[in-house]
Amino acid sequence: ALEGYRIGATMAEELQNMSGYLDKQSPKFPFPWQKRFFEVQLKPKPLLMYYQKAGDVAPKGTIAADKIANVTIESRRGRKTRIVISLSSTARKYYLRASTPENCQTWYDTIRQLMEMTEQKDLDGDGHNSGHKAEETKENLDAMYLVHNNLVKGLREASSILSSNKCFQRFALHMEHQSYFDLASFAPIFGNYFRAVLAFRNPNFEVHLKLDDVSSIDLERLKFDGFLDEVQKTPFVSKLTAERMETMVTAAAQKTIEKLKKYIKEAQNVKDDDVVGGLSKIVELFRCLTDE
């Protein structure tokens, strides 16, 4: 048996007794990895439960096997230690990290077996009813807003990084820009994304500020902050699905990363370590939104 796991004599016992520590990535910005104790529950329905630590009475959360659409193993730096769980009814994904490839494979196999139990139950006639569908619709919307709110937090953090050090204004001038916020490739990219997925009264609206009130180099940043204020007050368009939203966010994040990497390369050429460090932090913010 693997260290830290209790394996019984039969498959049911193996599943019921499967437990151990995994790292779970928080869905909340800035997406830290958190150590959690996982265990399996089979009745009344198959669940993956996780606790802050072993011995806790109440779980921090659960993942129902009948809500899992897919589970995969991802390789990082040549080691297959990360599990990605995709849900069938929400935009959220669970990212888990094992200490070894062997532990990762064991948990992957366990989750697959839980999924197969649920699939067999559906074949026997115990599928979702209309009540379940209504519940899934609410969960879907909740997950979309969770991604949405964390995205806005990430964009505000990226903006604050650029305004935190005069080195970015100096580098912007080197790149023949007028303002440090011209380096914010994420602003127009995600601006277009929000205009596509949110039900603005006028999708082409602009935020207006008086130049007398602000410095010219801060103008675009403050306009973007104002735009994000409107984003947080505006609902999604009616036909937006979680899958479509996730695809669009990933594409926007990848495009942003590509543009920022070009700035990082030039900052490395001129040996501006402060700019390299700041832009690299922004890249990491957006990498959390992709499957890289």
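The exercises below work through a predicted model of one protein.

**Exercise 1. Overall make-up**

Task: State how many helices and strands the protein has, and what share of its residues is buried.

Solution. Step one is to list the elements: the protein has eight helices and seven strands. Step two concerns burial: of the 292 residues, 43% are buried. Step three turns to the surface, where about 16000 Å² is exposed and carbon and sulfur atoms supply 49% of that area. Step four looks at contacts with a separation of 6 or more, of which 58% are between residues 24 or more positions apart.

**Exercise 2. The sheet**

Task: Give the order of the strands in the sheet and name the edge strands.

Solution. The sheet is open, has seven strands and runs S4-S3-S2-S1-S7-S6-S5, with antiparallel pairing. The edge strands are S4 (61–64) and S5 (68–76), since each of them pairs on one side only. From one strand to the next the twist averages 35 degrees.

At the S5 edge, the neighbour is S6 (residues 79–87), and eight bridges hold the antiparallel pair together. Within this pair, Ser-75 has Lys-80 of S6 as its bridge partner.

**Exercise 3. Strand S3**

Task: Find which strands pair with S3, and decide whether S3 is enclosed or open.

Solution. Begin with the S2 side. S2 (residues 33–41) pairs with S3 in the antiparallel sense over five bridges, and a hairpin of five residues joins the two strands. Gln-41 stands opposite Leu-47 of S3.

Next take the S4 side. S3 and S4 run antiparallel and are joined by four bridges. Here the bridge partner of Met-49 is Thr-62 in S4.

Now check burial, using the cut-off of under 20% relative accessible area. In S3 (residues 47–51), five of the five residues are buried, so the strand is largely enclosed by the rest of the structure. In a regular strand the side chains alternate between the two faces of the sheet. In S3, Leu-47, Met-49 and Tyr-51 lie on one side and Leu-48 and Tyr-50 on the other, and both faces are covered.

**Exercise 4. The nonpolar cores**

Task: Identify the residues that touch the most other members of the largest nonpolar core, and the helix that gives the most to it.

Solution. The largest nonpolar core has 50 residues, and those touching the most other members are Leu-162, Phe-186, Phe-190, Phe-194 and Phe-286. Helices H3 (130–163), H4 (167–174), H5 (186–197), H6 (219–231), H7 (242–269) and H8 (273–287) each supply at least two residues. H7 gives the most, with eleven residues.

Take Leu-162 as a sample. Beyond its neighbours within four places in sequence, its contacts include Phe-168, Tyr-180, Phe-186, Leu-279 and Ile-282. A second, separate core has 23 residues, among them Met-18, Val-71, Trp-107 and Met-115.

**Exercise 5. Helix H7 and two positive phi values**

Task: Compare the expected span of H7 with the distance between its end C-alpha atoms, then describe Lys-271 and Glu-176.

Solution. H7 has 28 residues, and at 1.5 Å a residue it should span 40 Å; the end C-alpha atoms are 41 Å apart, which agrees.

Most residues other than glycine have a negative phi. Just after H7, Lys-271 takes a positive phi of about 60 degrees. Lys-271 is found in the loop between H7 and H8 and is exposed, with a relative accessible area of 68%. Glu-176 also has a positive phi, near 65 degrees. Glu-176 lies in the loop between H4 and H5 and is exposed, with a relative accessible area of 74%.

Terms used
Residues are numbered from 1 along each chain as its sequence is written. This is a predicted model: local features need pLDDT of at least 70, side-chain atom pairs count only at pLDDT 80 or more; totals for chains, interfaces and linings use all residues. Side-chain values use heavy atoms; hydrogens and water are left out. A nonpolar core is a set of buried Ala, Val, Leu, Ile, Met, Phe, Trp, Tyr and Cys residues joined through side-chain atoms within 4.5 Å. Buried means under 20% relative accessible area, exposed over 50%, partly exposed in between (1.4 Å probe, protein chains only). Contact means heavy atoms within 4.5 Å. Accessible areas come from the Shrake-Rupley method with a 1.4 Å probe; for residues, only the protein chains shown count as cover. The expected span of a helix is 1.5 Å times one less than its number of residues. Two strands pair if DSSP finds at least two bridges between them. Axes are lines fitted to C-alpha atoms, for helices over the stretch in contact, and angles run from 0 to 180 degrees between N-to-C directions.
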